[in-house]
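Please take the sequence and the model together, and follow the chain from its overall make-up to a single residue in one of its loops.

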Amino acid sequence: MVLLNEAVADLVNAHARLDISQTWGDGTAVAADGTHMDTYLDNLLFETSVRYGKPGGIAYHHVSDTYIALFTHFIPCGGWEAVYIIEGLLKNTSEVQPTTSPSSVT
């Protein structure tokens with residue numbers, strides 16, 4: 001897992017050095033969003049979502065204002081999403097360190 005996190009940080013850092021990424025933003029803002037994903041019924045993260053009315057899990061993403069995902073985590077539908085907002089910001093080891101979030105947790 002450590003190697004995967006280092007690879008993600010390297011990729012985010014390389015993206016941040018591109019001229020085009022600077023036209024979208026400066027890396028100081030991040031948005032968090034969850035997307036419902038269908039899962040197999042025998043999956044350990046399987047739950048029926050009250051919000052979506054079907055079984056599955058939530059793919060939770062933190063996307064920088066430079067349009068690159070800083071962190072992605074798969075959570076159960078019943079998970080308290082605020083915990084994962086903070087966790088994603090804390091686990092980000094890239095050079096892109098946002099200071100502003102619409103969720104007001106930073």
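In this predicted model, buried residues account for 35% of the 106 residues in the chain, and the C-alpha trace spans about 45 × 30 × 20 Å along its principal axes. The secondary structure consists of three helices and four strands, which, read from the N terminus, follow the order α-α-β-β-β-β-α.

How the chain is connected to itself can be seen from its contacts: when those between residues at least 6 apart in sequence are taken, 52% of them join residues at least 24 apart.

Turning to the surface, the accessible area of the chain comes to about 6800 Å², and 61% of this area belongs to carbon and sulfur atoms. The chain carries 4 positive and 12 negative charges, and the mean positions of these two sets are 4 Å apart.

One residue deserves a separate look for its backbone. Most residues other than glycine have a negative phi. Tyr67, although it is not a glycine, has a positive phi of about 65°. Where along the chain does Tyr67 lie? Tyr67 is found in the loop between strand 3, which covers residues 55-64, and strand 4, which covers residues 69-76. Is Tyr67 buried or exposed? The relative accessibility of Tyr67 is 59%, and because exposed means over 50%, Tyr67 counts as exposed. Taken together, the tyrosine with the positive phi is thus placed in the loop that links strand 3 to strand 4.

Terms used
Residues numbered from 1 in each chain as written. Predicted model: local features only at pLDDT ≥ 70, side-chain atom pairs only at ≥ 80, totals over all residues. Heavy atoms only, no water. Helix = DSSP H or I, 4+ residues; strand = E, 2+ residues; numbered from the N terminus. Buried < 20%, exposed > 50% of the residue type's maximum accessible area, 1.4 Å probe, protein only. Contact = heavy atoms within 4.5 Å. Areas by Shrake-Rupley, 256 points an atom, 1.4 Å probe, with all protein chains shown as cover. Lys, Arg positive; Asp, Glu negative; His and termini not counted. Charge placed at Lys NZ, Arg CZ, Asp CG, Glu CD.
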